[in-house]
Amino acid sequence: MVPADLHREFSIRNWGKESGLPDNRVKVLFQTHDGYLWMGTPYGLVRFDGITFTQFTRGTRADMGSDHCLSLGEDTAGNLWIGTTGGVLRWDGERFTRATRQEGLYHDEVTAIATMRDGSVWVGMSSVVQRFPAGNFRPGPPQNIGGSNVSLCRGSEDDLWLGNDSLWRLDPLKLKIESSGRPSRTGADVIIRLVSTPDSGLLALAKGPADEVHFATFREGRWGDTHVSPTSNQGRAEWLIHGHLNQLWLPDGSRGLVRFSDGRFEPAGVPWTAAEDFAICGLEDREGNLWIGTESSGLFCLSRKRLTTVGRTDGLPHDNARSLWPATGGGVWAATDAGLSRVASNLQSVTNWTEVEGRPLENLKAVAETAGGGVRLGLSLEQFTLANGHFTRQRFSRPAGDRSLDANDTGFNKVRCFFPSRDGSLWVAVPRGLHRLRGDEDRWFTTKDGLGADDVRALLETRAGVLWAGTAGGGLSRFTRDPVHPFTTLTRNDGLSRDTVWALCEDPDGVVWAGTDGGLNRVEENRIAAFDTRHGLPADGVNSVIDDDLGHLWIGHDRGLYFVDRAELKAVANGRASRVHCVPFGIADGMAVAECNGQTATPAAYKTADGRLWFGTPKGIVVVDPKSIRENSAAPPVVIESVKADEEIVHGEDTDPRGLGKRVEGRALRLPPGRARFLEFSYTANTFIGSENARFRYRLEGYEEMWHDAGTRRLAHYIGLAPGTYCFHVIAANHDDVWNETGAVFPFSLAPYYYQTRWFWGGVGVVSMGCLGILGRWRLNTVRRTAGDAERARLARALHDHLGADLTSLQSLAELARREIPPGHPASAHVQRLSAATTDAGRTLRDAIFTLGPGDSTLAGLCARITQFAGDLLSPAGVRCRFDWPLPLPEIRLHPEAAFELYLGVKEALANVLKHARAQTCTLALEITATDISLTITDDGRGFDPTGGEPVDGSPEGWPGGRGLKNLQAHAVTLGGTCEVRTQPGRGVTVQFNLKRETMEDRR
């Protein structure tokens, strides 16, 4: 038998010691109710959420007792049980409890665990089983069943099944063991694994006297057929997975895996690349992923591909497939960077044409098969027709009277798209216009004929015979056949999301869908509805769009592929809904790169007669059968892993029992006064398909009503909370955008200081009655200040709405120009500098808007801005930020100019930490007296010689000889203060801004 190609059927990921495992030998796998994957190794226990490995070893956990893990299980209370070579451990989420021979365990080597619905736990050792009653961590008396190996499995009726030299059933009420015989007639086989099946049966894996491996079903007291496996794990652990597709997986020695399906065995091949390795444990998780633990290559995850990619290794001359066209007889034509290809429907046969007239057929842009059977090919400077195995060269002449600076006539011959219409015409789109070829006639259309722009990027003929042309910058044009005004055009003024149209599609209802660089558009009888990320789309840009036969639109973009229900889009267009549900696809689903082609050559995607969809990408052709796609409907479990209050862990596995105390289950944690100046919540979602794409939303109930869209970020911060009762709530969505709306919560309360209590303020209220005159005067000043705030707010809105929009447009145009200019072109460097300068200008504008905004010139607003900037700048680089703000912060109003100048100084100092310090921690501290304000930034990095010695990397800014220190001094002088810099080589750097309150405060 020829082994199957696992790599073609599955996306395979691998993790080892370099990824966070304590050892590359993974001996046991288990998934708990909260979705975590747990694995046991000889050197510790590991928890995995798809992103992060968390290790538990004796070196870091004194309560663990033993590192060598052999078996895993979970009881009804959610405790994890770990069988080790040194007894059994129970993990309650914060600490381990251990039982050994001293606590009544018969043997310290626990090889099997089974948990029962009544909360009890059974553990298996050599020839013996013992029961831990629910809620009691002391084992009952041992029960000897003989044999050298015991396997355990809970049955459908909460009965316990045991396997060794025979199959045994333990009555849950009588605690009496009864034998059920053996799975074969040899009378000498040993049951080494028991697995429950969805139909309330058992699968027993056994080894015979000649070490042959076989398995049989046991249901309703009877043994089923015995199947002898053609495999052997060569003396290693034998195991069995019963998959959700009714497939069985077994180890096949150094040959990898074997699959049993439809009554036959099939070698499945090896997931690892090592010369020789062995699979020693396996698991299928709730999402259908296969997990394999190996002897020396670590952990593997096999996720079924929902997409198939045909690339260079499958016969394409080049991976970059720019445009596609369906081929007569099945399959597609593909224009690639190294020639023309015809890919057969079975994806196994690829025919290539890589030369024409002895020259390489390179940088092919567009392809189309015409009615006569010929294939039209478009390159940068010329066209070819392939017919009967021969190429015919063609070129468009420059129109008479055209004097444009186009030396090679590229604008007239660089084909964007071919489109054969049903009337026998061939439409050819080039950057300088649109051709209509019919017989010997060549009709040339440009903006003078009503085209929105000369550069036509996409063409579509509807079933009603209407031709639509998508242009670059000119909108969507419709061919009217009027000899005087052949085209009419729809633009942003008519409701189009953007005026650059890259893709066109007609659905079965006759609706035209236009994909632009800024959203998807629904065009029905010239009524336009536009959709973008605000409506739930994963991205604004649309490179290609196709409808399937199931009511969906499939959309390719710069970051992958997704589909969306047309009915949901229609509901949003008609105002019946505000968002749509999109199912994204990427590398985890079988794409070699999460990007689809389009924009410069179309069509980059096509539907063939068999209903399959084909997408051109920079890394091959992606093929999907929509009928075979099943969404991952399992909403991901959400876990709040830890909570920190002022850098102290108050919830999570590292909670200090001597600190604020363990939160009692079902009750809110009560924090003492002043212990929530800075709160950090760490959370995760346990999904293993596209784990990095899991998305989160959170809010702090009792403080805010709005949900924060955190994207893929797994941390949330709050500073300066007032006393009160709160509940942190986080929800998450998986790779297929299926949300766990329940999520996870963490309730807590913050106790007040005495001066924050009601009785205190009642007394203050009595005293305040005598201060009404003062308050009246204060009110008058407030009214005057509010008028100033309104003016600043108006200016901030004007900058954001007008200058901000212009900068965004300029950046988009710069990026578009960068893509269009070929590598090595003299203008390329200028355009890149323009793009970078525009981005920097945008950042500067955002800082100015922040300072102008109402209420943002307070000390509290400035501290919040600094906190956000420091986290965004330093956290991705692995630098831990600490904030020592004197909370609650005093009500100090700052001059807007002074606040902005101090903020720029802090940005300069933090930028130096990032570029030069190589620090692990950066601390920002604020001290306030009656006359002074001091802001200090301290890092634990490498420091430098303040006398002017040369640093390791020369003299970059921020070191003596650079501009960084001078800039810091300049900011301080502008504020009427000083800036002190204290440092020594290897001792870090301290930057301290010393300022006067009278120059910082706005006392109007």
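**Strand pairing around β19 and salt bridges across the chain**

Leu202 in β19 is the bridge partner of Ser196. The model is predicted. Ser196 closes strand β18, which spans residues 190-196. Strands β18 and β19 pair through six bridges, in the antiparallel sense. The two form a hairpin with five residues between the strands. Within this hairpin, Ser200 adopts a positive phi near 70 degrees.

On its other pairing, β19 meets strand β20, residues 213-219. These strands also run antiparallel, joined by six bridges. Leu205 has Phe215 of β20 as its bridge partner. Again a hairpin results, with five residues between β19 and β20. Asp211, in the turn, has a positive phi of about 65 degrees. β19 thus pairs with β18 and with β20. Strand β19 covers residues 202-207, and five of its six residues are buried. The strand is therefore largely enclosed by the rest of the structure. In a regular strand, side chains alternate between the two faces of the sheet.

Salt bridges were examined next. Their count comes to 49. One of them joins the side chains of Arg306 and Asp589, at 3.0 Å from N to O. Arg306 sits in the loop between β28 (299-304) and β29 (308-310), and Asp589 in the loop between β55 (582-585) and β56 (605-607), so the pair ties together parts that are 283 residues apart in sequence. Arg306 and Asp589 are both buried.

A salt bridge also links Asp455 to Arg416, with an N to O distance of 3.1 Å. Asp455 belongs to the loop between β43 (441-445) and β44 (456-461), and Arg416 to the loop between α2 (410-413) and β40 (417-420), so this contact ties together parts 39 residues apart in sequence. Asp455 is buried, as is Arg416.

The pair Arg443 and Asp449 forms a further salt bridge, with the closest N and O atoms 3.8 Å apart. Its two members fall into separate burial classes. Arg443 is partly exposed, because its relative accessible area is 31%, above the 20% limit for burial. Asp449 counts as buried, because its relative accessibility is 16%. Beyond such pairs, Glu9, Arg259, Glu266 and Arg304 are joined into one network by salt bridges that share partners.

Conventions
Residues numbered from 1 in each chain as written. Predicted model: local features only at pLDDT ≥ 70, side-chain atom pairs only at ≥ 80, totals over all residues. Heavy atoms only, no water. Salt bridge = Lys/Arg side-chain N within 4 Å of Asp/Glu carboxyl O. Helix = DSSP H or I, 4+ residues; strand = E, 2+ residues; numbered from the N terminus. Buried < 20%, exposed > 50% of the residue type's maximum accessible area, 1.4 Å probe, protein only. Pairing = 2+ DSSP bridges.
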